[in-house]
Amino acid sequence: MTNRSANYEYVVARVRHRRASLFAEEDYRKLLGMGLGGIARFMEESPYKAEINDLGARYSGVQLIEYALNRNLARQFDDLLRFSEGELYELVARYLRKFDAWNLKTVLRGRFSDAEDEEIEENFIDAGEFEPEFLDRLIAAPDIEAIVEIIEETTFGDAVVEAYPDYEETGLLTPLENAIDRAYYEGLLEGPIPDEGPMALYAEFLKTEIDFRNVRNVLRIVRSGAEIDPREYFIEGGRLFDSEEIAQLATDQDQLIAHLRESRYSKHLGPAIDSLDAEANLTQFERALDEALLSFADRLSHVYPLSVCPVLAYILAKEREVDNIRAIAHGKETGLDRSTIENELVML
C-alpha cells in the first residue's frame with residue numbers, strides 16, 4: 001500500500017453522483033421497444049454520448065453499441081483510478097484487474113478464431129493495469145503460444161503457463177481462460193486482512209463473489225454432463241466449498257441444491273434455488289446471483305459509507321448496466337422476443 005492518505009470522502013461523493021445517472025428500469029423498458037438505431041440514438045443522449053459520437057462514423061448497429069459500451073466502461077473506471085489516492089487506489093486497482101483478465105481472454109479468443117486485429121482491439125476494455133503498448137504486443141502476437149509467452153511477464157503468467165499443456169492437449173481455450181480467472185480472484189485476497197472494519201467488509205464482499213463464481217462454475221459443469229473435474233475450475237478464497245466438496249457435489253445436483261439451501265446465502269437465493277429444482281435453465285439463477293451480489297455490495301456501502309464498499313458497489317452497478325444494454329442490443333440483433341431479453345436483465 002502507498003503512504004498517501006486514502007481520499008474516501010471525495011471519491012465516494014463522485015461515485016454517488018455517477019451512480020445516480022445510471023439507467024433506470026424505465027430506461028430499459030424504452031430500449032426494449034427500440035431497434036438498434038434507436039438504442040444508439042438513446043445512448044447519444046446519455047453519458048454514452050462521447051463514445052457514440054467518436055465511433056459513429058466507423059461503425060453502426062450492434063457493433064457501434066458494443067464498442068461504445070466498452071469504451072465508456074474503460075473511461076468511467078479510469079476516472080475512478082484517477083480520483084483515488086493511497087490505500088483506496090490500491091484496492092480499486094486490484095479489483096479492476098478483472099479487465100486485465102478480460103483483455104487477455106479477448107486476445108486469446110480473437111487469435112483462436114482468426115478475428116481481425118481491429119476487432120480484437122475494439123473489444124478491449126482498457127480499465128486495468130496493462131499499458132496500451134502491452135496490449136499492442138498481445139495483438140501483434142501471431143499465435144496462442146506467442147500470447148502465452150507475453151502473458152508470462154504478468155501476475156497471470158504462472159497460472160497460464162501451467163495451463164498451456166492442457167490447451168495443447170485439448171485444443172480448447174477453456175484451460176487458459178480458467179487459469180486467468182483463478183489467478184485474478186485468488187490474487188484479490190493476497191496479504192493480511194483485518195477481522196473487522198471496512199477492510200474486513202471488503203474481504204467479505206470478495207469472498208462472496210468467489211463463492212458465487214464457484215457456484216456458477218459447478219452448476220454449468222453439472223448441467224453440461226461433460227466429464228470435467230470441477231476441482232480444475234475451483235477458485236480458492238470463498239467459504240461455501242472446498243475443492244473436495246465441490247468435486248463430490250458436482251456428481252449429484254440434488255445434493256448440491258441442498259448444500260445451497262443450508263448455506264449463508266439461502267435467504268438471498270431462495271426463489272432462484274427453487275427454480276433449479278424445477279430444472280429451469282441457468283439464466284434465471286445466474287441473474288439471481290448477480291442481483292444478490294449487487295444487493296450485498298449496496299448493503300456494505302450503507303454500513304461503511306466512507307470506505308471502498310460504495311466504490312465496489314458502483315463498479316458492479318455500472319457493469320450490470322453495460323451487460324443489460326449489451327443483452328438488449330444482441331437480443332434485438334438475433335431476433336429474440338421481448339420477454340426472453342427481459343429475463344436476461346439484472347435490474348439495479
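Buried means under 20% relative accessible area. The exercises below use this cut-off on a predicted model.

**Exercise 1. An aromatic pair across the chain**

Task: Decide whether Tyr314 is buried or exposed, and work out which class the ring pair of Phe77 and Tyr314 falls into.

Solution:

Step 1. Tyr314 has a relative accessibility of 2%, so Tyr314 counts as buried. Phe77, at 0%, counts as buried.

Step 2. A pair of aromatic rings is described by the distance of the centres and the angle of the planes. There are 13 aromatic pairs by the rule used here. In the pair of Phe77 and Tyr314, the centres are 6.5 Å apart and the planes make 85 degrees.

Step 3. Planes over 60 degrees apart count as edge-to-face, and the pair of Phe77 and Tyr314 is therefore edge-to-face.

Step 4. Phe77 belongs to helix 5 (residues 61–83) and Tyr314 to helix 18 (residues 309–334). With their positions 237 residues apart in sequence, the pair links distant parts of the chain.

Step 5. Elsewhere, ring pairs join Phe23, Tyr28, Phe42 and Tyr48 into a cluster.

**Exercise 2. The largest nonpolar core**

Task: Find which residues touch the most other members of the largest nonpolar core, and list what Phe205 touches beyond its sequence neighbours.

Solution:

Step 1. The core has 123 residues, and Leu176 and Phe205 are the ones that touch the most other members.

Step 2. Helix 18 contributes the most to this core, 13 residues.

Step 3. Leaving out residues up to four places away in sequence, Phe205 touches Tyr95, Leu293, Phe296, Ala297, Leu300, Leu312 and Leu316.

**Exercise 3. Two residues and their distant partners**

Task: For Ala101 and His330, state the helix, the exposure and the contacts away from the local sequence.

Solution:

Step 1. Ala101 sits in helix 7. Its relative accessible area is 3%, so Ala101 is buried.

Step 2. Ala101 touches Phe156, Ile180 and Tyr184, with residues up to four places away in sequence not counted. The C-alpha atoms of Ala101 and Tyr184 are 6.9 Å apart, although the two residues are 83 positions apart in sequence.

Step 3. His330 sits in helix 18. With a relative accessible area of 34%, His330 is partly exposed.

Step 4. On the same basis for sequence neighbours, up to four places away, His330 touches Val62 and Glu66. From His330 to Gly61 the C-alpha separation is 9.8 Å, across 269 residues of chain.

**Exercise 4. A positive phi**

Task: Say what sets the backbone of Asp114 apart from the general pattern, and where Asp114 lies.

Solution:

Step 1. Most residues other than glycine have a negative phi.

Step 2. Asp114 is not a glycine, yet its phi is positive, about 60 degrees.

Step 3. Asp114 is in the loop between helix 7 (98–112) and helix 8 (117–122). At 67% relative accessibility, Asp114 counts as exposed.

**Exercise 5. Pockets and a cavity**

Task: Describe the two largest pockets by volume and by the classes of their lining residues, then do the same for the largest cavity.

Solution:

Step 1. The largest pocket has a volume of about 1700 Å³. Its lining has 48 residues, and Trp102, Lys105, Arg213, Arg220 and Asp323 are the ones nearest its centre.

Step 2. Helix 7, helix 8, helix 12 (174–188), helix 13, helix 17 (282–303) and helix 18 each give at least two residues to this lining. Helix 18 gives the most, 9 residues. By class, the lining of the largest pocket has 19 nonpolar, 11 polar and 18 charged residues.

Step 3. The second largest pocket holds about 500 Å³. Of its 19 lining residues, Ala163, Asp166, Pro175, Asn178 and Glu232 lie nearest the centre. Helix 11 (157–170) and helix 12 each supply at least two. The lining of the second largest pocket divides into 8 nonpolar, 3 polar and 8 charged residues.

Step 4. The structure has 1 cavity of 30 Å³ or more, and the volume of the largest cavity is about 30 Å³.

Step 5. The largest cavity is lined by Asn214, Asn217, Val218, Ile221, Pro230, Tyr233, Phe234 and Ile246. Helix 13 (residues 198–224) provides the largest share, 4 residues. The lining of the largest cavity has 6 nonpolar, 2 polar and no charged residues.

Key
Residues are numbered from 1 along each chain as its sequence is written. This is a predicted model: local features need pLDDT of at least 70, side-chain atom pairs count only at pLDDT 80 or more; totals for chains, interfaces and linings use all residues. Side-chain values use heavy atoms; hydrogens and water are left out. Rings of Phe, Tyr and Trp (its six-membered ring) pair if their centres lie within 6.5 Å; planes under 30 degrees apart count as stacked, over 60 as edge-to-face and the rest as tilted. Buried means under 20% relative accessible area, exposed over 50%, partly exposed in between (1.4 Å probe, protein chains only). A nonpolar core is a set of buried Ala, Val, Leu, Ile, Met, Phe, Trp, Tyr and Cys residues joined through side-chain atoms within 4.5 Å. Contact means heavy atoms within 4.5 Å. On a 1 Å grid over the protein atoms alone, a cavity is a set of points where a 1.4 Å probe fits but cannot get out, and a pocket is an open set with protein on both sides within 12 Å along at least five of seven lines; lining residues have an atom within 4 Å of a point. Grid points are joined across faces, edges and corners, and a volume is the space filled by probe spheres set on the points. Ala, Val, Leu, Ile, Met, Phe, Trp, Tyr, Cys and Pro count as nonpolar, Asp, Glu, Lys and Arg as charged, and the others, Gly among them, as polar.
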